[in-house]
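Visitor: I would like to go through this model and ask what stands behind each label. Please set the values against the cut-offs as we go.

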Amino acid sequence: MTPLTQTPQWQALAAHRDALEEWHLNELFAADPQRFARLSLRCGNLLADFSKQRLTNETLDLLVRLAEARDLADFIRRMIAGEAINATENRAALHIALRAERSYRVGGKDVLPEVLATRQRMRDLSEAIRSGAWRGSDGQSINAVVNLGIGGSDLGPRMTTQALGAYVDPKLAVRFVANIDPAEFADTVRDLDPARTLFIVSSKTFTTQETLANARAAKAWLGAADPARHFLAVSNNVAAAQAFGIPAENCLAMADWVGGRFSVWSAIGLPLACGIGMDAFEGLLAGARVMDEHFLSAPFAENLPVMMALVGLWNIDFLDAGSLAVIPYAHRLGLLPAYLQQLEMESNGKRVTLDNAEVGCATAPIVWGMAGSVGQHAFHQLFYQGTRLTPIDFVVPVGDARPEQEALVANALAQSAAVMKGKTLEEAKSQLIAAGKTDTEAARLAPHLACPGNQPSTTLLMPHLAPDTLGSLIALYEHKVAVQGCLWGVNSFDQWGVEHGKQMAREILPKMLAGEGKFDASTAGLLSAIRSWRKA
C-alpha cells in the first residue's frame, strides 16, 4: 500500500491546510452563519458539535476522501466478519459482538451463543450477590465486591462504576485494586469485613503479576475463609484459578477475540453488573448497540465515530497538535480521561504499520484531562494563553434544570466558547479602562489579558449520564480509535511495547532481589542507591 503521507489525498489535505492556516475560528463563524448546523451530528442521545474545530466542509470532504482511499469500508467489513484484523496476534477484534443481539462469526463459529451464555452467568451471579443469596464462608451475605485487575481489567469497570454511581445499590460497596503497591489494597479494604467481602480476580491468563500479588494479599486478608465463597475469577486459565483455590464453577471466561481495553462489555464488567444490576448493565450494552448500528450504516460524512476520527487525525497530523484534553463536566465522569488514555494511547501509540514500515506521521495524541469545572482552576490557563495548540473534547451531560446543574453546563459552554473566541488586545484594553485604569496603565496590562483564542474543541452533549448514554459514549471512542488505526495503517489491537516493559520488569526483579545482574549504568546506579538506603 502507498505510504499514507505520499497519497494524493494526504497531499491535498496539506495544501488545504496551508490555505486555511490564516483563518481564525471567529472568521469561519462570521463567514458561515449555518456553521453549527453543517458541522454537528447526532446519534441516539449524543450530539457532537464540531463547529469549533479549525476546519470547513471542504476539510471534511478531503478527509472523507482520505478514508475512502485507505479502504476504511473494507476494514469495517473485515472487522465485523470476524477476520484476524489483529494481524500480529492472528486474532479477530470483535468486541462489537459483546453487546450484540445478532450473530457474529469468528473462524466460522457463531459467537452469539457464548456471549449470551456469559451474560446469563453474569446475571445469575450478580443477582445472587445483590439479593444476599450468595453467602460468605460463615453464612453472612456479601456487602462488598472488590475487583482485582489492572489495565483493561480495571479501568473499564472502575470508570463505568464511578460514572453510574447514582445507579449503584447503596447496600453494596464496589471497589477496585490495580496497583502492586500494597497501599492501594490496604486502603481499599480498611473498613471492610472479610466475612462479607467477595473478590473478583480479573486476569485473562491468570498470570498478571500485579493482579496475582493483590489476589495473594486478599487471600491472606481473608484468613481461614473458604476461597470458594469469597473469590470469583474472570479468566481463561481455569486450571491456574483452581490451583489458587477458585473452583471452576466460579470462573467466567473471556474470548480471545476481545482485547482488554475493549472488554468492559464482557465478564470483565461483572463488578459493574454487581453494582448497578444486570438490567442497567443491559442498558449500557443497548446504548453501545445504537452507536454500533450507526457506525456500520451511516455514510462517512454523516458517521459520528468516523467524523471524530477524521477531525482528530486533522488536528494531530496537519495542525501539529500533540495532545487531546478530555474535560467531562460531570464529577462521576472524572475517570473518563484515564480510561481514554489506555484506549487511545495503547491502541494507536505505534510507529510501525502492518506493512512493517514507519508510519511517517504522528499517531495517537497524549490524552489527559480531569473533570470540569475543577480543571478551570488548574490548567485551563494553558488553553487561553499558552503556546501549544490543544484540542479539547468537552463532554457534557445536560441533566435537569437545577441551579447547580445549570451552573455546571453554563461553565462548560462558556469554556468552549471562550477558548475559541479569545480576547483581542483592544478588548482587553477597553475592559481595563472600564474598570478604572488609566490609558497608560491599560496599555501596559492589556497584553497580559489578551487571549489569542482559536483553540479547537468538540462538544459532546447528552441529556443525562445514564447507562445507555454512557454505552454510546464509550462505543463512540472505541470506533474512533479503530478508524484512526486503519487510516494510519497500524494495529490498534496489540500492545507489544507494554509486553516489552513487563519483560524488563521480570528480568530485573529477581536479579535485584538477589543483588546481582548486569544493567545499564543508570539502572545499576539506581539499584546501588536503593541498596545503600536499605542497609542504612
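Guide: What follows takes salt bridges, burial, cores and pockets in turn. The model is predicted.

Visitor: What makes the pairing of glutamate 184 and arginine 158 a salt bridge?

Guide: The side chains of glutamate 184 and arginine 158 come to 3.2 Å, N to O. The cut-off is 4 Å between a side-chain nitrogen of Lys or Arg and a carboxyl oxygen of Asp or Glu, so the pair qualifies. Glutamate 184 sits in helix α8 (residues 182-189) and arginine 158 in helix α7 (residues 155-163), 26 residues apart, and the pair links distant parts of the chain.

Visitor: How do you know that aspartate 191 and arginine 175 form a salt bridge?

Guide: Their N to O distance is 2.6 Å. That is within 4 Å, therefore the pair counts as a salt bridge. Aspartate 191 belongs to the loop between α8 and β7 (197-202), while arginine 175 is in strand β6 (residues 173-177), 16 residues apart.

Visitor: Why is aspartate 191 called exposed?

Guide: Aspartate 191 has a relative accessible area of 57%. Exposed begins over 50%, so the label fits aspartate 191.

Visitor: And why is arginine 175 called partly exposed?

Guide: The value for arginine 175 is 25%. Buried would require under 20% and exposed over 50%, so arginine 175 falls in between.

Visitor: What makes glutamate 404 and arginine 402 a salt bridge?

Guide: Their side chains meet at 3.5 Å, N to O, and the limit is 4 Å, so the pair is accepted. Glutamate 404 is exposed at 55% relative accessible area, whereas arginine 402 is partly exposed at 42%.

Visitor: How many salt bridges are there, and which residues are linked in a network of them?

Guide: The whole structure holds 26 salt bridges. Arg119, Arg123, Glu127, Asp279 and Glu282 are linked in a network. Side chains of opposite charge can pair when their charged atoms come close.

Visitor: Turning to burial, why is histidine 380 called buried?

Guide: Histidine 380 has a relative accessible area of 1%. The cut-off for buried is under 20%, so histidine 380 meets it. Histidine 380 lies in helix α16 (residues 380-385). With residues up to four places away in sequence left out, histidine 380 touches Ile327, Tyr329, Gly375 and Gln415.

Visitor: What makes valine 481 buried?

Guide: The relative accessible area of valine 481 is 0%. That is under 20%, therefore valine 481 is classed as buried. Valine 481 is part of helix α20. Not counting residues up to four places away in sequence, its contacts are Leu343, Glu344, Ser347, Asn348 and Ser492.

Visitor: What separates valine 481 from alanine 183?

Guide: Their C-alpha atoms are 34 Å apart, and the two residues are 298 residues apart along the chain.

Visitor: How do you know that leucine 470 is in contact with Met159?

Guide: Contact requires heavy atoms within 4.5 Å, and Met159 is listed for leucine 470 on that basis, so the term applies. Neighbours within four places in sequence aside, the other contacts of leucine 470 are Thr160, Ala163, Leu164, Leu284, Leu333 and Leu465.

Visitor: Which residues have the most contacts inside the largest nonpolar core?

Guide: Trp257 and Leu470 do, in a core of 119 residues. The largest share of this core, 12 residues, comes from α20. Another core, of 21 residues, lies apart from it and includes Val177, Phe199, Ala233 and Cys251.

Visitor: Which residues lie nearest the centre of the largest pocket?

Guide: They are Thr205, Thr208, Gln495, Glu499 and Lys502, out of 40 lining residues. The space in the largest pocket is about 1000 Å³. The largest share of its lining, 6 residues, comes from α21. The lining divides into 12 nonpolar, 18 polar and 10 charged residues.

Visitor: How does the lining of the second largest pocket divide?

Guide: The lining of the second largest pocket has 15 nonpolar, 8 polar and 6 charged residues. That pocket holds about 460 Å³ of space. Met1, Arg70, Leu354, Cys486 and Gly489 lie nearest its centre, among 29 lining residues. The elements giving two or more residues to this lining are α5 (72-80) and α20 (467-488), and α20 supplies the largest share, 4 residues.

Definitions and conventions:
Residues numbered from 1 in each chain as written. Predicted model: local features only at pLDDT ≥ 70, side-chain atom pairs only at ≥ 80, totals over all residues. Heavy atoms only, no water. Buried < 20%, exposed > 50% of the residue type's maximum accessible area, 1.4 Å probe, protein only. 1 Å grid on protein atoms, 1.4 Å probe; cavity = no way out; pocket = protein on both sides within 12 Å on 5 of 7 lines; lining within 4 Å. Points joined across faces, edges and corners; volume = space filled by probe spheres on them. Nonpolar A, V, L, I, M, F, W, Y, C, P; charged D, E, K, R; others polar. Core = buried A, V, L, I, M, F, W, Y, C linked by side-chain atoms within 4.5 Å.
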